[in-house]
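Hi,

Here is the structure I promised to pass on. Please have it open while you read, and my notes on what turned up follow just below.

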Amino acid sequence: MKLKPGCFLQYLYLDETYCLLSVRNAKALTDYFQLLDVHKKNALNNLQFYCFLHYVTDLKKQHIMLLFDLLDRNAEGSIGFDEFYLVVCLLLAHENHLEKQFIYRHSGPVFRLLDVDDGYTISPTEFQAAGFLFNLNKDELEKIFKEFDVSGEEKLNYKEFKMFTIFCIDKQQKKEKERKRRGLVAQGRVDATRPAEPASSPRTKHPHFYFQPETVQPHFSIPMGSA
Ligand SMILES: [Ca+2]
Ligand SMILES: [Ca+2]
């Protein structure tokens with residue numbers, strides 16, 4: 001999925017470590033949300049959500065409606081600002097090739113989003129249905145299940161999923177380092193025969209200045225049996 005050129009969202013800046021917007025950008029997004037919320041219900045229905053995503057992205061109708069259903073878990077027929085904010089951060093993460101960072105930073109909400117039947121595990125079917133959100137293809141998803149389903153029941157519990165998110169971030173950091181290294185080699189600033197430095201742990205800048213609504217935090221509890 002891609003943002004359409006020149007749309008409002010392209011003017012927002014996503015922090016690449018925390019995959020969140022600054023408070024200032026979040027305020028601008030609130031104003032935008034209020035413009036979309038023509039019925040003044042502090043929520044968007046599926047038609048409003050569809051029009052918004054159809055206007056700003058190249059997502060197909062079936063994917064937009066699936067995303068709406070994933071967000072509207074209590075089947076109220078609408079989604080609030082917190083869910084809207086999460087979607088916008090995800091769209092910007094895509095735009096900046098930070099999907100894996102997004103999964104790592106928001107592992108709780110992502111797990112909850114993928115766990116359609118609220119069974120506290122993610123099945124291959126659940127994962128495949130929403131793979132488009134994180135740029136994961138069928139082969140990649142199969143590999144993930146093979147590698148991280150430690151308990152062997154062909155489902156990922158939260159602990160297994162968390163391991164996968166750590167793997168994601170490591171892979172993304174290595175990729176980013178290699179990309180930067182290639183740039184420096186091209187500029188003649190680094191010896192091409194010198195091996196790349198190992199990936200470091202994620203940066204720990206304090207997220208104090210970023211807007212983090214409740215739904216972006218892993219606020220749900222995992223039963224003892226599945227952890
Ligand atoms: Ca499930
Ligand atoms: Ca498992």
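Let me begin with the length of helix α4. This helix has 15 residues, which at 1.5 Å a residue should span 21 Å, and its end C-alpha atoms are indeed 21 Å apart, so expectation and model agree. Please bear in mind that this is a predicted model, so every value in this email is computed from predicted coordinates.

How much of α4 is buried? The helix is mostly covered, with 11 of its 15 residues buried. Those are Glu83, Phe84, Tyr85, Leu86, Val87, Val88, Cys89, Leu90, Leu91, Leu92 and Ala93. As for what covers them, the buried residues pack against α1, β1 (44–45), α3, β2 (78–79), α5 (99–105) and α6 (107–114). Just after the helix you will find His97, which has a positive phi near 55°.

One of those partners, α1, is worth a closer look. The axes of α1 (residues 23–36) and α4 (residues 81–95) come within 11 Å and cross at roughly 120°, and the crossing is right-handed. On the α1 side the contact is made by Ala26, Leu29, Thr30 and Phe33, and on the α4 side by Phe81, Phe84, Tyr85 and Val88. By class, that contact has 7 nonpolar residues, 1 polar and no charged ones. If you follow the positions along each helix, a general point may help: an α-helix has 3.6 residues a turn, so residues three or four places apart point the same way.

A second helix pair is α2 with α3. Here the axes of α2 (residues 46–56) and α3 (residues 61–71) come within 10 Å, with a crossing angle of roughly 130°. The two helices are therefore oblique to each other, and α2 passes α3 in a right-handed crossing. From α2, the residues in the contact are Asn46, Phe49, Tyr50, Leu53 and His54, while α3 supplies Lys61, Ile64, Met65 and Phe68. Sorted by class, the residues of this contact come to 6 nonpolar, 2 polar and 1 charged.

Now for two loop residues you may like to click on. Most residues other than glycine have a negative phi. Asn42, in the loop between α1 and β1, has a positive phi of about 55° although it is not a glycine. Is Asn42 buried or exposed? Asn42 counts as exposed, because it has 11 C-beta neighbours inside 10 Å, and the cut-off for exposed is 12 or fewer. Ala75 sits in the loop between α3 and β2, and its phi is also positive, near 55°, again in a residue other than glycine. With 7 other C-beta atoms within 10 Å, Ala75 is exposed.

Finally, the chain as a whole. There are 9 helices and 4 strands, and from the N terminus on they run α-β-α-α-β-α-α-α-β-α-α-β-α. Of the 227 residues, 26% count as buried. Among the contacts with a separation of 6 or more, 67% are between residues 24 or more positions apart.

Happy browsing, and do write back with any questions.

Best wishes

Technical notes:
Residues are numbered from 1 along each chain as its sequence is written. Chains are lettered from A and ligands numbered from 1 in the order in which they are written. This is a predicted model: local features need pLDDT of at least 70, side-chain atom pairs count only at pLDDT 80 or more; totals for chains, interfaces and linings use all residues. Axes are lines fitted to C-alpha atoms, for helices over the stretch in contact, and angles run from 0 to 180 degrees between N-to-C directions. Angles under 35 degrees count as roughly parallel, over 145 as roughly antiparallel, 65 to 115 as roughly perpendicular and the rest as oblique. A crossing is left-handed if the near helix is turned anticlockwise from the far one by less than a right angle, and right-handed if clockwise. Two residues are in contact if their C-beta atoms, placed from the backbone, lie within 7 Å. Ala, Val, Leu, Ile, Met, Phe, Trp, Tyr, Cys and Pro count as nonpolar, Asp, Glu, Lys and Arg as charged, and the others, Gly among them, as polar. A residue is buried if 20 or more other C-beta atoms lie within 10 Å of its own, exposed if 12 or fewer, and partly exposed in between; C-beta atoms are placed from the backbone. The expected span of a helix is 1.5 Å times one less than its number of residues.
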